[in-house]
Structures are given as structure tokens and as C-alpha cells.
Amino acid sequence: LGRVRGVILFDGSFDITNLIDKLKTTPEEAATLLEEAVASGKAHLISETTGTYDGGSPQTGDGYGDAENRLLGYLYTLSFKDPSYAPNKDFWEKAENGHWYLAWRTETLLHFADKPASIQAIAPVEQDLTSAVAWNVTATWKSKTKPEIVSYDPLSKYFDGCWATATEGE
């Protein structure tokens with residue numbers, strides 16, 4: 001089922017291919033790898049979000065011969081809300097100025113982008129008295145390939161909202 005329910009941002013030095021391979025072959029090692037990445041600051045996990053993923057918009061260029069155009073790749077957009085407003089302020093400042101690879105979860109799957117994303121995080125305050133103040137995050141990236149998809153089961157405990165991260169409170 002849908003909805004972007006949780007997000008992990010990996011800094012540019014983290015090898016997400018290794019994590020994906022471990023999720024497919026040795027899930028227990030994948031969990032250790034994620035914990036080490038979070039503890040070292042190479043990953044930032046947001047266990048509970050709400051959001052959308054657009055599936056990619058085709059980017060085309062001039063075609064040659066009889067072809068009207070040709071596919072150059074896709075522009076992907078992941079939009080989500082992070083409810084940790086005050087604790088994550090410094091992280092979003094850092095994220096907007098860095099190169100971050102993304103993983104996001106739906107009900108039972110983890111999706112991994114293969115290119116770093118451009119991040120924009122804003123926190124509007126609405127007029128009404130019942131709205132929550134949350135980070136509205138938009139991440140965009142271009143790629144010729146679709147995101148890698150694996151089972152989120154081996155990492156499910158990190159998305160239950162109870163797992164404390166080393167970067168919590170930054």
C-alpha cells in the first residue's frame with residue numbers, strides 16, 4: 001500500500017549499494033550496517049512521515065532520424081512531512097547544503113534512489129489553531145534508472161517510532 005511512511009537520508013560518502021546487497025543476501029548484516037551509519041552521522045532516519053513519491057517524470061531530448069524524441073532519463077520527486085520540527089532544524093540546514101541519497105518506505109517495501117537528491121525543507125506555520133508545524137520536505141533527483149526496491153522487513157524495527165537514533169535531538 002502507498003504513502004511515504006518513513007525516510008532515510010544517506011550522506012554522499014555512504015555506499016548504499018552495499019546496504020541494498022546486504023538487504024537481499026544477509027539481512028542481519030544490513031541492520032548492523034544501518035545502525036553504524038546512523039551512529040556515525042552518515043545516515044539520518046526519520047521513522048514516521050507522511051508523503052508522496054511521483055514515480056518520475058520523463059525527461060526527453062531531440063530525437064534523431066524518424067524518432068520524434070528520445071528518453072534522457074527521469075526527474076523524480078519525493079515529498080514528505082517530518083513531524084520533528086524543533087529537533088531536526090539543524091539537520092535540515094545541513095541536508096539542504098549537502099549531497100544525500102534517499103531511501104523511503106511504503107507499507108512493506110524500501111525504495112532507494114541511485115543518485116543524490118537536492119533537498120528543500122520548509123516549515124510553514126498555518127493560521128488555524130489545530131495544524132501541526134512540521135518540515136515539508138521536497139527532494140528531487142535525476143536518473144536514468146528507476147529506484148531499487150527491496151523488502152523493508154529486515155529494517156522494520158527502525159521505523160516503529162521507538163528506536164532511538166544517535167542523531168536524535170540534533
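## Contact between H1 and H2

In this predicted model, helix H1 meets helix H2 through Asn18, Leu19, Lys22, Leu23 and Thr25, which face Pro27, Glu29, Ala30 and Leu33 of H2. By residue class the contact divides into 5 nonpolar, 2 polar and 2 charged. The two helices pack at an angle of about 145°, and their axes are 6 Å apart.

H1 covers residues 16-25, and H2 covers residues 27-39. H1 also lies across four strands, namely S1, S6, S7 (109-112) and S10. Relative to S10, H1 runs at about 40°.

## The five-stranded sheet

Strands S2, S1, S6, S7 and S10 form an open sheet in the order S2-S1-S6-S7-S10, with antiparallel pairing. S2 (43-46) and S10 (148-151) are the edge strands, and each of them pairs on one side only. On average, neighbouring strands of the sheet are turned by 20° against each other, direction ignored.

The pairing of S1 with S6 (residues 100-105) is antiparallel and runs over 6 bridges. Asp11 has Trp100 in S6 as its bridge partner. Trp100 also takes part in a ring pair, described under the aromatic pairs.

## The segment before S1

Arg3 and Val4 can be taken together: Arg3 is found in the segment before S1, and Val4 is placed there as well, with S1 spanning 6-11. Arg3 counts as exposed because its relative accessibility is 52%, above the cut-off of 50%. Val4 has a relative accessibility of 2% and therefore counts as buried, the cut-off being under 20%. The phi angle of Arg3 is near 80°, a positive value in a residue other than glycine.

Leaving aside neighbours within four places in sequence, Val4 is in contact with Thr49, Thr50, Gly51, Thr52, Tyr53, Leu78, Phe80, Trp104 and Arg105. Of these, Thr50, Gly51, Thr52 and Tyr53 fall within the range of strand S3 (residues 50-53). Val4 and His111 are 107 residues apart in sequence, with a C-alpha to C-alpha separation of 9.9 Å.

## Aromatic pairs

The structure holds 13 aromatic pairs. In one of them, the ring centres of Phe80 and Trp92 are 6.1 Å apart and the planes stand at 55°, so this pair is tilted. Because Phe80 lies in strand S5 (residues 69-82) and Trp92 in helix H3 (residues 89-96), the pair ties together parts that are 12 residues apart in sequence. Phe80 and Trp92 are buried.

The rings of Phe91 and Trp100 have centres 5.3 Å apart and planes at 75°, so the pair is edge-to-face. Phe91 and Trp100 are both buried. Elsewhere, ring pairs link Tyr53, Tyr74, Tyr76, Trp104 and Trp141 into a cluster. Two members of this cluster, Tyr53 and Trp104, are among the contacts of Val4.

## Confidence

The average pLDDT of the chain is 92, and 94% of the residues score at least 70. Among the elements of the chain, S3 has the highest mean pLDDT, 98. The lowest mean belongs to H2, at 94.

Over residues 164-170 the pLDDT is below 50. This stretch nevertheless has 13 contacts in the model beyond near neighbours in sequence. Where pLDDT is low, predicted coordinates should not be read in detail.

Conventions
Residues numbered from 1 in each chain as written. Predicted model: local features only at pLDDT ≥ 70, side-chain atom pairs only at ≥ 80, totals over all residues. Heavy atoms only, no water. Buried < 20%, exposed > 50% of the residue type's maximum accessible area, 1.4 Å probe, protein only. Contact = heavy atoms within 4.5 Å. Pairing = 2+ DSSP bridges. Axes fitted to C-alpha atoms, helices over the stretch in contact; angles between N-to-C directions. pLDDT = per-residue confidence, 0-100. Nonpolar A, V, L, I, M, F, W, Y, C, P; charged D, E, K, R; others polar. Phe/Tyr/Trp six-rings, centres within 6.5 Å; stacked < 30°, edge-to-face > 60°.
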